[in-house]
2 protein chains.
Amino acid sequence: MKIKVVRDILEANQRIASENREIFTRHGVFVINLMSSPGAGKTTLLERTIESLKDTIPIGVIEGDIRSSIDAERINKLGVPVVQINTDGACHLDGNMVRECLRELDLSPLRLLFVENVGNLVCPAEFKIGEDHKVMILSVTEGDDKPSKYPLMFRESSVLLINKIDLLPYIECDLERIRASARDINPGLEIFEISCKTGEGLDRWYRWIKNNLAS
Amino acid sequence: MKIKVVRDILEANQRIASENREIFTRHGVFVINLMSSPGAGKTTLLERTIESLKDTIPIGVIEGDIRSSIDAERINKLGVPVVQINTDGACHLDGNMVRECLRELDLSPLRLLFVENVGNLVCPAEFKIGEDHKVMILSVTEGDDKPSKYPLMFRESSVLLINKIDLLPYIECDLERIRASARDINPGLEIFEISCKTGEGLDRWYRWIKNNLAS
């Protein structure tokens with residue numbers, strides 16, 4: 001019985017996510033579902049990426065948080081359209097929440113839409129929202145054992161951004177262990193090592209976005 | 001209908017958690033439900049705490065993870081009884097999972113039981129497991145906006161351990177903002193600033209445990 005209910009929810013979500021995907025495709029908008037633990041650097045990555053690309057690519061953002069509009073306010077300062085979803089306790093975004101945002105967000109001028117999910121390394125990976133790609137961030141401060149302990153998100157993502165590499169001199173973290181265990185779970189995973197603070201490694205991430213927009 | 005299902009699950013869990021609580025009380029075991037984001041330092045805190053207290057207090061540990069037994073292996077090396085729960089995808093521990101562990105764990109010799117929850121700043125806070133206190137860790141690398149964005153865990157916890165303060169020189173994090181916003185949500189919250197790496201601040205945490213065991 002319990003399994004039945006869960007399956008119903010996932011199937012209903014899958015249907016709405018597919019409809020979202022059609023809407024995005026019709027508008028020619030490439031959609032990235034950005035996921036990570038709390039505080040791994042999702043909003044900072046978006047700030048950096050928007051600053052670098054907004055003059056050549058029209059970008060919009062949907063900000064998902066349980067509470068508050070702190071992140072939407074940060075993005076709003078950059079002059080790109082942003083809509084905040086407050087999940088009011090829910091631990092992930094789903095297709096329906098994203099659909100509701102589309103009433104407030106004009107897709108017509110956009111080419112790229114970032115959906116920043118709730119900070120959670122577990123639940124968001126289970127729910128499609130109509131994205132082209134899931135992209136995840138792992139901060140080096142979270143430790144090099146995370147792929148083995150939270151495999152689903154690593155399996156579902158197309159790109160893994162290993163962030164805060166500027167802190168490597170001050171902590172114990174084996175990057176090779178992260179890379180090897182993540183690729184063991186998902187052999188096709190693209191992995192970029194970055195620092196949103198210093199800007200190191202971000203060029204490869206921007207190139208990945210541009211290549212995917214062009215294709 | 002959806003609300004009904006969720007309420008049923010929470011009520012059933014509450015009943016099992018209350019039964020667990022009676023079992024723990026009968027055995028004179030003080031139980032701490034330890035929660036945080038992935039990689040904030042739960043297992044390292046347990047290692048430190050066990051090393052410091054195990055000669056005077058008989059300690060046991062239940063390790064909750066989605067996958068793997070990495071954490072249980074770390075605890076096992078310290079020579080205290082440990083049981084690993086693998087939730088196989090589930091994002092939190094519940095009363096029933098902890099009950100199952102009690103078949104494998106002899107409570108009779110114990111005075112203190114740590115239950116390390118799944119790394120997740122959202123869902124674990126909703127489910128009681130029969131604990132005396134919920135204790136949470138926030139790493140300074142997660143950022144000072146976390147109480148406003150994830151209020152439930154801060155509200156439910158008796159103690160907030162702000163960890164990795166050795167990294168403060170290398171990051172931007174306003175401890176006073178964390179303290180003020182956490183106390184705004186939960187005025188009775190005990191807050192200790194610690195570094196599990198250097199050992200700074202851990203004495204106050206050990207004293208809190210001893211005082212609570214004595215009362």
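A salt bridge is taken here as a side-chain nitrogen of Lys or Arg lying within 4 Å of a carboxyl oxygen of Asp or Glu. In the predicted model, Asp71(A) and Lys149(B) form such a bridge, their closest N and O atoms being 2.8 Å apart. This pair crosses between chains, since Lys149(B) belongs to helix H5 of chain B and Asp71(A) to helix H3 (residues 70-76) of chain A. Both partners count as buried, because the relative accessible area is 5% for Lys149(B) and 0% for Asp71(A), and buried means under 20%. The bridge is also part of a network of salt bridges in which Asp65(A), Asp71(A), Asp145(B), Lys146(B) and Lys149(B) are linked.

The interface to which this pair belongs brings 32 residues of chain B into contact with 32 residues of chain A. The area buried between the two chains is about 2700 Å², and carbon and sulfur atoms give 60% of that area. On the side of chain B, the residues that lose the most area to chain A are Pro38(B), Lys149(B) and Tyr170(B), which together account for 23% of what that side buries. Across the interface the rule finds 4 salt bridges, and the count of residue pairs in polar contact between the chains is 9. Helix H3 (70-76) and helix H5 (146-149) of chain B each supply at least two residues of the side that touches chain A, with the largest share, 3 residues, coming from H5(B). Sorted by class, this side of chain B has 13 nonpolar, 8 polar and 11 charged residues.

Aromatic rings also meet across the interface, and a search of the whole structure finds 5 aromatic pairs over all chains. The rings of Tyr170(A) and Tyr170(B) have their centres 3.5 Å apart and their planes at 5 degrees, so this pair is stacked. The pair crosses between chains, and in each chain Tyr170 sits in the loop between strand S6 (159-163) and helix H7 (175-185). Tyr170(A) is partly exposed, with a relative accessible area of 29%, and Tyr170(B) is likewise partly exposed, with a value of 30%.

Within chain B, the rings of Phe30(B) and Trp208(B) have their centres 6.4 Å apart and their planes at 55 degrees, so this pair is tilted. The pair links distant parts of the chain, for Phe30(B) lies in strand S1 (residues 30-36) and Trp208(B) in helix H8 (residues 202-214), 178 residues apart. Phe30(B) counts as buried at 11% relative accessibility, and Trp208(B) is buried with a relative accessible area of 8%. In chain A, ring pairs link Phe30(A), Trp205(A) and Trp208(A) into a cluster.

Over all chains, the count of salt bridges comes to 28. One of these joins Arg99(A) to Glu19(A), with the closest N and O atoms 2.7 Å apart. Because Arg99(A) lies in helix H4 (residues 95-101) of chain A and Glu19(A) in helix H1 (residues 2-26) of chain A, the pair ties together parts that are 80 residues apart in sequence. Arg99(A) is partly exposed at 25% relative accessibility, as is Glu19(A) at 33%. In chain B, the side chains of Glu131(B) and Lys134(B) meet in a salt bridge with an N to O distance of 2.8 Å; here Glu131(B) counts as buried at 8% relative accessibility, and Lys134(B) counts as buried at 5%.

Terms used:
Residues are numbered from 1 along each chain as its sequence is written. Chains are lettered from A and ligands numbered from 1 in the order in which they are written. This is a predicted model: local features need pLDDT of at least 70, side-chain atom pairs count only at pLDDT 80 or more; totals for chains, interfaces and linings use all residues. Side-chain values use heavy atoms; hydrogens and water are left out. Contact means heavy atoms within 4.5 Å. Buried area is the accessible area (1.4 Å probe) that two parts lose on being put together, summed over both. A polar contact is a pair of N or O atoms within 3.5 Å; within protein, one must be able to donate a hydrogen and the other to accept it, and residues adjacent in sequence count only if both atoms are side-chain atoms. Helices (H or I, at least four residues) and strands (E, at least two) are DSSP runs, numbered from the N terminus. Ala, Val, Leu, Ile, Met, Phe, Trp, Tyr, Cys and Pro count as nonpolar, Asp, Glu, Lys and Arg as charged, and the others, Gly among them, as polar. Rings of Phe, Tyr and Trp (its six-membered ring) pair if their centres lie within 6.5 Å; planes under 30 degrees apart count as stacked, over 60 as edge-to-face and the rest as tilted. Buried means under 20% relative accessible area, exposed over 50%, partly exposed in between (1.4 Å probe, protein chains only).
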